[in-house]
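Colleague: I would like us to take a close look at a single part of this protein, and I would be glad of a careful, connected account.

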Amino acid sequence: MARFGGVKVTWFGHSAFRFISPNRKVIWVDPWLEHPLAPPDTKEGPKADLILVTHGHSDHLGNTIDLAQKTGALVVAIYEIMLYLQKKGLENLQGMNKGGTWEWEGIRVTMTDATHSSGIDDAGNVFPGGEAAGFIITFENGFKVYHAGDTGLFGGLSLIGDFYKPDLVCLPIGSLFTMGPEEAAYAVTLLKPRWIIPMHFKTFPVLTGQPEAFLQALPAEYRDRVIVLKPGETAE
Ligand code: NI
Ligand code: MN
């Protein structure tokens, strides 16, 4: 099944995704690979060309430094997180900010808004991480993914839907720190994607939003567009 026109999408649990582009570029978003539900084989030093970081919280910045050091991947993040990563010794970095687009090897990365915070917990000291963001990734074949990062429901989602028309959206549903199932269902009606992958649920007991509640809250016409993955599973 080639629902994504040659883009391979693997969910590693929480907000960690790996996308393999039609030209075999390997793009990670929020590679936190050591959470309680992480599939075991992700700790082995995977391949990466690009790493996109939505915000500074440890469950998103995750294993970025380690993965970048092992693979030499270029890390893309909001300017302040780029400064932090520079301080941590990474050199292959691209800072950007919301609304901007950066192009690399035929792939376009656009940073979007998100309503959330972004402080970096560095061994108990909070380092300013700019603001939380999301990403639109436009692959070589035009396929568009919107990874919302951590966010609540906000009006800009309808702009993102109208303007970028994402084919696939990765939306948090766990509640407490992000949208819950009902808000995410409403967000879908603003974004009008062809496909939806829920994320940021079940990792910890406090993330109570579940895919069942999300599906139930969705208007019927969107229900068969939802792809619920298990950590480590791939869709394409
Ligand atoms: Ni967060
Ligand atoms: Mn989070």
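In which loop is the place of H200?

Modeller: Please keep in mind throughout that this is a predicted model. H200 sits in the loop that runs between strand 14 (195–199) and helix 6 (211–217), and its phi is positive, at about 55 degrees, although H200 is not a glycine. Most residues other than glycine have a negative phi. Because its relative accessibility is 1%, H200 counts as buried.

A second loop residue, K165, also has a positive phi, here of about 45 degrees, without being a glycine; K165 is found in the loop between helix 4 (156–164) and strand 13, and because its relative accessibility is 57%, K165 counts as exposed.

Turning to the metal site, the nickel ion (ligand 1) is coordinated at 2.2 Å by H55 through NE2, H57 through ND1, H116 through NE2 and D150 through OD, and these donors follow the spacing H-x1-H-x58-H-x33-D along the chain. The 4 donor atoms around the nickel ion subtend angles of 88 to 175 degrees, and the arrangement is therefore irregular. The manganese ion (ligand 2) lies 3.3 Å from the nickel ion, with D150 coordinating both. The pair H57 and D150 links distant parts of the chain, 93 residues apart, with H57 in the loop between strand 4 (50–52) and helix 1 (58–61) and D150 in the loop between strand 12 (144–147) and helix 4. With a relative accessibility of 1%, D150 counts as buried.

Key
Residues are numbered from 1 along each chain as its sequence is written. Chains are lettered from A and ligands numbered from 1 in the order in which they are written. This is a predicted model: local features need pLDDT of at least 70, side-chain atom pairs count only at pLDDT 80 or more; totals for chains, interfaces and linings use all residues. Side-chain values use heavy atoms; hydrogens and water are left out. Helices (H or I, at least four residues) and strands (E, at least two) are DSSP runs, numbered from the N terminus. Buried means under 20% relative accessible area, exposed over 50%, partly exposed in between (1.4 Å probe, protein chains only). Donors are N, O and S atoms within 2.8 Å of the metal (3.2 Å for Na, K and Ca); water is not among the atoms, so sites may look incomplete. Four donors count as tetrahedral if all angles lie between 85 and 135 degrees; four count as square planar and six as octahedral if opposite donors are over 155 degrees apart and all others between 65 and 115; anything else is irregular.
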